[in-house]
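Thank you all for making time this morning. I would like to walk through one model with you, beginning with its aromatic residues and ending with the place where two chains meet.

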Amino acid sequence: MNVFFPDYCFFFMPPSRSVSKMLLILLGVLVFHLVVLILLIVSTASSTWTVDATGHTDLWYNCHSDPNGYKCLQASSEDWIQAVQALMILSVVFCFTSLIAFLYQLFRLVKGGHFYFTSIFQILASVFVMCGAIIYTVMRPDSDKDYGYAYVLAWVAFPLSLISGLCYLILRKKD
Amino acid sequence: MLRVLALAAVVLLGIAPEPSQAISIYTGWERHALVGSDIRLSCSFFSWRFVSDDVSFTWIYRPDGSRETVSIAHYAGGEAYTDNKGRFKDRVEFVGNPKRRDGSILIKNLDFSDNGTFTCDAKNPPDIVGRPSSVRLLVFENLPIQAGVITGAIIGVVLGLLVLIVVIYYLMRFLVARRVFSLSVSKHGKKKKEGSQQRQASFLLLLLILLLPLHCLPPQPPSSPSSPRLPHMHPARNNKCNRLPRCHHQTSFFFLER
């Protein structure tokens with residue numbers, strides 16, 4: 001008389017260490033992704049790419065404080081500023097899309113599959129951030145002023161998102 | 001009595017003061033133009049009265065950074081008068097249609113010194129209370145790209161490419177799967193077709209076999225000339241013939257003859 005366990009029984013019998021390890025990895029990757037997304041959003045929306053003693057400029061507004069008050073003008077509508085705006089917005093969009101794709105593929109991917117979509121979108125987001133930061137660095141009119149924290153965040157977000165994208169490439173769905 | 005009342009009403013309406021609606025004048029807000037080009041500055045008005053014959057338009061120019069104004073065009077009494085002394089000499093033309101409440105002017109061969117504010121004042125007697133409207137003219141060497149055009153273009157192109165790539169990818173997958181499916185179906189289909197043909201042929205034969213005996217000819221007594229064929233008759237067939245209803249040996253002969 002043959003006794004055999006059906007397949008699904010094995011899901012309830014694995015050792016607990018590997019399950020928690022898997023969960024930890026998953027959580028870690030997800031948190032990393034969220035951190036990258038927040039960095040990108042802050043860098044895009046914040047208004048300090050270049051700081052001055054009296055004010056700051058960024059992609060969207062040039063604000064400076066006079067003796068009269070605090071004035072804000074719209075940023076110059078030159079080509080390169082618009083290109084940087086577009087690239088930063090695109091990077092945020094792609095990062096967000098890769099998050100959605102990650103959550104989707106988490107539940108729908110076949111066993112042992114790679115998170116291709118997620119990694120592609122994340123790597124594209126990092127490429128866009130890099131391009132935007134490079135264009136801003138090269139075409140900046142005021143070369144003597146200091147860089148603001150939003151600019152620094154953009155440069156920080158680039159390698160982090162690249163690492164995150166590569167992580168997804170290596171990651172494989174196990175269960 | 002009624003007639004008197006009607007007359008009184010008409011008279012009163014005629015004397016009564018008109019509703020206090022002012023004339024409204026519309027021009028653009030700002031106009032951008034290239035050096036050396038022509039520009040048409042439009043001016044139109046709205047009035048509760050019909051366009052009278054004494055309708056008048058006046059265009060006044062104030063240069064940027066100055067407080068002095070100068071008239072450059074005037075239309076009154078069916079005649080248009082344009083600047084023939086000042087900086088717009090022979091460059092201004094009245095191109096509006098006053099009967100259609102349009103008092104536009106055309107300025108040719110723009111220069112940087114034409115930057116300024118153009119005010120249009122329209123009067124439609126007796127509707128003369130109104131606020132003149134101003135349009136600001138900006139003359140550029142190169143027309144600047146509006147803020148956000150390039151941004152939107154880049155974003156749109158990239159997202160469009162992305163959507164296109166995804167659609168093409170899924171389309172290829174769908175087509176390949178369909179082709180594989182159709183190939184496998186056709187393989188099965190060929191076998192099916194052959195089998196069905198065979199089946200149809202055998203079915204027809206069976207029909208012939210079964211139905212011919214049913215179309216029974218009038219029974220004929222077995223005649224001696226047919227008897228020599230009797231030895232050819234298979235006993236099984238005779239048995240078959242016996243089993244079938246309304247079967248006659250003669251019909252089986254006919255089958256055999258065939």
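How many aromatic pairs does the rule find over all chains? The count comes to 20, and I should say at once that this is a predicted model, so please hear every value as a computed one.

Let me take one pair from chain A. The rings of A:Phe117 and A:Phe121 have their centres 6.1 Å apart and their planes at 10 degrees, and because that angle falls under 30 degrees, the pair counts as stacked. Both residues belong to helix H3 of chain A, where, being four residues apart, they are separated by about one helical turn. Their surroundings can be put in terms of accessibility: A:Phe117, at 30% relative accessibility, counts as partly exposed, whereas A:Phe121, at 8%, counts as buried.

For chain B, I would point you to B:Tyr169 and B:Tyr170, whose ring centres lie 5.4 Å apart with planes at 70 degrees, so that this pair is edge-to-face. B:Tyr169 has a relative accessible area of 41% and is partly exposed, and B:Tyr170, at 42%, is partly exposed as well. Returning to chain A for a moment, there is also an aromatic cluster, formed by A:Trp49, A:Trp80, A:Tyr136, A:Tyr147 and A:Tyr151.

Now to the interface. Here 13 residues of chain A are in contact with 13 residues of chain B, and the two chains bury about 1100 Å² between them, with 78% of that on carbon and sulfur atoms. On the chain A side, the residues that lose the most area to chain B are A:Gln82, A:Leu90 and A:Phe117, which together account for 38% of what that side buries; A:Phe117 is thus a member of the stacked pair I described earlier.

What polar features does the rule find between chain A and chain B? There are four residue pairs in polar contact, both residues being at pLDDT 80 or more, while the number of salt bridges across this interface is zero. Helix H2 (79-108) and helix H3 (116-139) of chain A each supply at least two residues of the side that touches chain B, and the largest share, nine residues, comes from H2(A). By class, that side of chain A has nine nonpolar, three polar and one charged residues.

Finally, a single residue in chain B: B:Ser56 is found in strand S5, residues 56-63, and at 12% relative accessibility it counts as buried. Leaving aside neighbours within four places in sequence, B:Ser56 is in contact with B:Tyr75, B:Ala76, B:Asp121, B:Ala122 and B:Lys123.

Key. Residues are numbered from 1 along each chain as its sequence is written. Chains are lettered from A and ligands numbered from 1 in the order in which they are written. This is a predicted model: local features need pLDDT of at least 70, side-chain atom pairs count only at pLDDT 80 or more; totals for chains, interfaces and linings use all residues. Side-chain values use heavy atoms; hydrogens and water are left out. Contact means heavy atoms within 4.5 Å. Buried area is the accessible area (1.4 Å probe) that two parts lose on being put together, summed over both. A salt bridge is a side-chain nitrogen of Lys or Arg within 4 Å of a carboxyl oxygen of Asp or Glu. A polar contact is a pair of N or O atoms within 3.5 Å; within protein, one must be able to donate a hydrogen and the other to accept it, and residues adjacent in sequence count only if both atoms are side-chain atoms. Ala, Val, Leu, Ile, Met, Phe, Trp, Tyr, Cys and Pro count as nonpolar, Asp, Glu, Lys and Arg as charged, and the others, Gly among them, as polar. Buried means under 20% relative accessible area, exposed over 50%, partly exposed in between (1.4 Å probe, protein chains only). Rings of Phe, Tyr and Trp (its six-membered ring) pair if their centres lie within 6.5 Å; planes under 30 degrees apart count as stacked, over 60 as edge-to-face and the rest as tilted.
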